[in-house]
Amino acid sequence: MEHPEAERHSEYNGYQPIGAMASIFGIQVHHIPAEADQLEGAPEQPLPVEQVPSGQIWRFGAAHDQPLVEVALLTQEIARVRLVPDAGQALRAGATGHEVARSWAVLRRAWEPLHVALAPQERGKSILATDVMQIEVATEPFRLTFRWPDGVPFAEDDPALGMGVVAPLGSDDLPDPLLPAAGVRCYKRLAPNERILGAGERAEPLEKRGSHLTFWNTDPPQPHNATTGAMYVSIPFWLGMRAGRCYGIFLDSARRSDLDVGASHPDLLSFGVASGELTYYVFAGPTPAAVLAQYSAITGRMPLPPRWALGYGQSRWSYFPAEHLRAVADGLRSHRIPCDSLWLDIDYMDGYRVFTWSPTRYPQPSETLGALAAQGFKVVTIID
C-alpha cells in the first residue's frame, strides 16, 4: 500500500498513503427514503446527501480490506472526494442500498444530471472534466489533481503522501497527537505564494499559512489571542488564493479534525479526521465570491436578519444588576447615540444556568424588558 516516495517523509510515523487502485464496481443512483424529505427540526442522525445520477461518481479500490475512494462531480464547480478506510465494509453496506454519503452539514441531497467528459490519459491517468473544472485521477498510486479549464492546477495531492490512513498503535508505539491511530488524512501541495484564508471563528489572523488548526469546539480561558486555538465554532472550510484565482475546500466531518497549513512542512497542506471516513468538497471558484456562493449552495444560506440587528448593539461582560442596564439605556438615549440592542452576558442567569434569571440581579425581568422595549431597545441574552 505504501508508495516508495513516502520513505523520504520519515516523520509521518504510522501513516500509510494509498497505493495503486482500480475502478472496482459500477455506480447506481442511490434512492433516498421518502421519509428523509419529511424530516423537521434537527435530525437524529446525519442525513443522506446523495442522489447522484449514474456517470458522475467513480469509485476506486485495491482489495476488500483496503480503503475505498469515491470521486463525485456534483455540479460544474463542485466535486466531492470520500475516503472510506474499509472497502469491504462499504461494499457490504452498498449491497443493501445504504452506502451513501451522509452529513450533518450538507443540506442538498439531490443533484441534477451533468455532462462529464472522460478522457483517458497515459500511465493510468484519466481526466474528468466539466466546463469549469478538471480532475486528473492517477491510479498508480492513487492521487488527485484539480485544475481550472486552462490547465492551471489547484488543491493537488502531494505525490508522495496523497490520501491515506494511520495504522493502529503497536505495543511499542507512542501516540502521536498529529497522527491519531486509525485516523484518515489528505496531503496537498502548497504553492510558494499561495494563501489560505478562513477556517472558522478564531482569535488569529485571517491568513492561516504556518498554522495548525484544530476543529473541536471548546470554551477556552482568557486571554484569547493567536495561540488560543479552537474556540466556540468549528467551521472546517477554507479558501485558497493561488495565481490570482480562488478555490475552496470543505472538510465535512463532525468528528475531531484538524488542518495543517504548512506548519509541519512548509510546502504541504494537510487535513484529517481522527476516525471514520474522510469526506471533503472542492469548489472551483474562481473568485472568493464564487467559492462562498458554491459552499453556501450546499450547506444553506442564512435568512435576512431583522432590521434592528443591522443597527448598533451595545455589549460587554457584563451588565448587572438590572438598574445598571437601565442606566446604560438611559445614557444612550440622553446622549442621542443610536442603538437598537443591548446584549447580556452570563451574569443575568441564576447560577449560570441557561433559560433562567438571577432573582437578585434581575428580580423582575418582564418589567425590565418591557421598559427597555418602550425605549426602542431589543435585549439579547447569551446562551452559554
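**Exercise 1. Place Gln56 in this predicted model and describe its surroundings.**

*Solution.*
Step 1: Find the element. Gln56 sits in the loop that joins strand E3 (47-48) to strand E4 (57-61).

Step 2: Judge the burial. The relative accessibility of Gln56 is 1%. Buried means under 20%, so Gln56 counts as buried.

Step 3: List the partners. Set aside the neighbours within four places in sequence. Gln56 is then in contact with Val71, Ala72, Leu73, Leu74, Glu112, Pro113, Leu114 and Val116.

Step 4: Take one partner, Leu74. In sequence, 18 residues separate Leu74 from Gln56. In space, their C-alpha atoms are 7.0 Å apart.

Step 5: Look for a polar contact. A polar atom of the Gln56 side chain lies 2.6 Å from the backbone nitrogen of Leu114.

**Exercise 2. Are Cys186 and Cys246 buried or exposed, and how many disulfides does the whole structure hold?**

*Solution.*
Step 1: Take Cys186. Its relative accessibility is 0%, so Cys186 counts as buried.

Step 2: Take Cys246. Its relative accessible area is 0%, so Cys246 is buried too.

Step 3: Search for disulfides. The whole structure yields 0. A disulfide would need two cysteine sulfur atoms within 2.5 Å.

**Exercise 3. Describe the setting of Ser296.**

*Solution.*
Step 1: Find the element. Ser296 belongs to helix H2 (residues 288-299).

Step 2: Judge the burial. Ser296 has 15% relative accessibility, so it counts as buried.

Step 3: Follow the side chain. The Ser296 side chain reaches the backbone oxygen of Ala293 at 3.2 Å.

Step 4: Compare sequence with space. Ser296 and Val106 are 190 residues apart in sequence. Their C-alpha atoms are 9.2 Å apart in space.

Technical notes. Residues are numbered from 1 along each chain as its sequence is written. This is a predicted model: local features need pLDDT of at least 70, side-chain atom pairs count only at pLDDT 80 or more; totals for chains, interfaces and linings use all residues. Side-chain values use heavy atoms; hydrogens and water are left out. Helices (H or I, at least four residues) and strands (E, at least two) are DSSP runs, numbered from the N terminus. Buried means under 20% relative accessible area, exposed over 50%, partly exposed in between (1.4 Å probe, protein chains only). Contact means heavy atoms within 4.5 Å. A polar contact is a pair of N or O atoms within 3.5 Å; within protein, one must be able to donate a hydrogen and the other to accept it, and residues adjacent in sequence count only if both atoms are side-chain atoms.
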